[in-house]
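Let's take a walk through this structure together. Have the sequence and the 3D view open as you read.

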Amino acid sequence: MAEFLKRGKPAAERAEDDAKVRASVEAILSDIETRGDAAVRDLSEKFDNYSPAAFKLSQAEIDDLIGQLTDRELADIKFAQEQVRNFAQAQRDSMLDIEVETMPGVILGHKNIPVQSVGCYVPGGKFPMVASAHMSVATASVAKVPRIIACTPPFNGKPNAAVIAAMHLGGAHEIYVMGGIQAVGAMAIGTETVDPVHMIVGPGNAFVAEAKRQLFGRVGIDLFAGPTETMVIADETVDGEICATDLLGQAEHGYNSPCVLVTHSRKLAEDTLAEIDRILEILPTADTAKVSWEDYGEVILCEDHAEMLAVADEIASEHVQVMTDRDDWYLENMTCYGALFLGARTNVANGDKVIGTNHTLPTKKAGRYTGGLWVGKFLKTHSYQKVTTDEAATLIGEYGSRLCMLEGFVGHAEQCNVRVRRYGGINVPYGEGAAYRDAAE
């Protein structure tokens, strides 16, 4: 039986927090729908202390911001985007349009068609999330989305040059400096100056995630990507320092970022707890990471690897760092997670920033039913059918007629019957199912 050496906030407290977020988001989205640009401006002034002449950046403004970066900074951004594009292109190449003749005269197929407009949200908050622009904008570009708009909040009262550069280099067609619920709402609902999009993607805090949840159906979304979650699955092949470093490295994202250690080594668990205390004394972002660790951090001691696997799949964490003597065993057997990071040489920060896999991943147990953002999320797979011979139209029509009548759909049956009459020369009485014919007839 798994033993908790440290627990996070009780579930009831987390549910209470979620209820407050839901009510706040609902009111704000309603205001945006009613008042449009005026609501967006009021919200930007209230939450970001930002009220520009226009939220959409001109090309001159974009060029000026890019010019503020050093050649080295631009080269680093381009390197990261190249890795993301390369992997996204490999994924895209694996998705084929198909067309098959399933029987003589019956042709079925599907086409992968890009979503026609996408809004990419790049969060800000305490840190300018440059890498999030690669993950959403550049990946949508690989999918050949015709209209890509990108929103990001101001950072310290103005657009962040590196984020804007990443959006532009990634392929954004329109860039807006707007944050939080107002950005997601404007992109999904539309305002006088922002044409609505068909899909919203990108990570964000609890308010952004809730806004996407409430807007889902009105627009498509990638997934519910709320506050960062991380899990370390480890045994004594590694030590407490590396486990503590990997946990706190993600805890610094915000005040509500769950971080969990799962191990069957009591020594490693205790060493990790001690190392966390030590690192929090020297970590420059400890003010944030400490709150996440105290409120959402957990250390779970298991009997063996089998129980560690079961616990990990139940939690279904966004990032899962596996450092054991059997990393590939976890790769083969884990079923519920956002992304795996296998081996001590691998780390979540590389996945977040540069290695090439997408860092927009499912949170809050969504890894049980979906993977993360990838080029396929920007593509819609549409089927088509074509009947090319009289014989096929007659044969399929006869079966269709009888099956429609079996369900009581007379109008459906007549769609089949009219073709049996016209293309097969068979008289089917109106409103009846086609008679069964022996295949030899």
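What follows goes from the inside to the outside, with a few unusual backbone spots at the end.

Keep in mind that this is a predicted model. A good place to start is helix H6, which spans residues 161–170. Of its 10 residues, 8 are buried, so the helix is largely enclosed by the rest of the structure. The buried ones are Ala161, Ala162, Val163, Ile164, Ala165, Ala166, Met167 and Gly170. And what does the covering? Among the elements over those buried residues are helices H3 (59–66), H4 (71–93) and H5 (130–142), along with strands E5 (147–152) and E6 (174–177).

Now check the two ends of H6. At the N-terminal end, asparagine 160 acts as a cap, with a side-chain oxygen 3.1 Å from the backbone nitrogen of alanine 162. Just past the helix, glycine 171 has a positive phi of about 115 degrees.

Met167 of H6 turns up again in the largest nonpolar core, which has 71 residues. Together with Val118, Met178 and Phe378, Met167 touches the most other members of that core. Click on valine 118 and, ignoring neighbours within four places in sequence, you'll find contacts to Val145, Arg147, Ile148, Ile149, Val197, Met199, Val201 and Phe378. Apart from this core lies another, made of 20 residues that include Leu247, Leu268, Ile276 and Ala289.

Next, look at valine 348, which belongs to helix H14 (residues 348–353). Is valine 348 buried or exposed? With a relative accessible area of 5%, valine 348 is buried. Leaving out residues up to four places away in sequence, valine 348 touches Thr230, Gln250, His319, Gln321 and Phe341. The C-alpha atoms of valine 348 and aspartate 246 are 7.5 Å apart, although 102 residues separate the two along the chain.

Time to head for the surface. Leu395, Tyr399, Leu403, Leu406 and Tyr436 make a nonpolar patch of about 590 Å². Leucine 395 sits in helix H15 (residues 390–407), and its 34% relative accessibility makes it partly exposed.

Finally, two loop residues have a positive phi without being glycine. Asparagine 49, with phi near 50 degrees, is in the loop between helix H2 (37–48) and H3. At 69% relative accessibility, asparagine 49 counts as exposed. Lysine 365 has phi near 70 degrees and lies in the loop between H14 and strand E14 (379–387). Its relative accessible area is 28%, so lysine 365 is partly exposed.

Notes:
Residues are numbered from 1 along each chain as its sequence is written. This is a predicted model: local features need pLDDT of at least 70, side-chain atom pairs count only at pLDDT 80 or more; totals for chains, interfaces and linings use all residues. Side-chain values use heavy atoms; hydrogens and water are left out. Buried means under 20% relative accessible area, exposed over 50%, partly exposed in between (1.4 Å probe, protein chains only). Helices (H or I, at least four residues) and strands (E, at least two) are DSSP runs, numbered from the N terminus. Contact means heavy atoms within 4.5 Å. A polar contact is a pair of N or O atoms within 3.5 Å; within protein, one must be able to donate a hydrogen and the other to accept it, and residues adjacent in sequence count only if both atoms are side-chain atoms. Patches are made of residues with over 30% relative accessible area and no salt bridge: like charges are joined within 9 Å, nonpolar side chains (Val, Leu, Ile, Met, Phe, Trp, Tyr) within 5 Å. Accessible areas come from the Shrake-Rupley method with a 1.4 Å probe; for residues, only the protein chains shown count as cover. A salt bridge is a side-chain nitrogen of Lys or Arg within 4 Å of a carboxyl oxygen of Asp or Glu. A nonpolar core is a set of buried Ala, Val, Leu, Ile, Met, Phe, Trp, Tyr and Cys residues joined through side-chain atoms within 4.5 Å.
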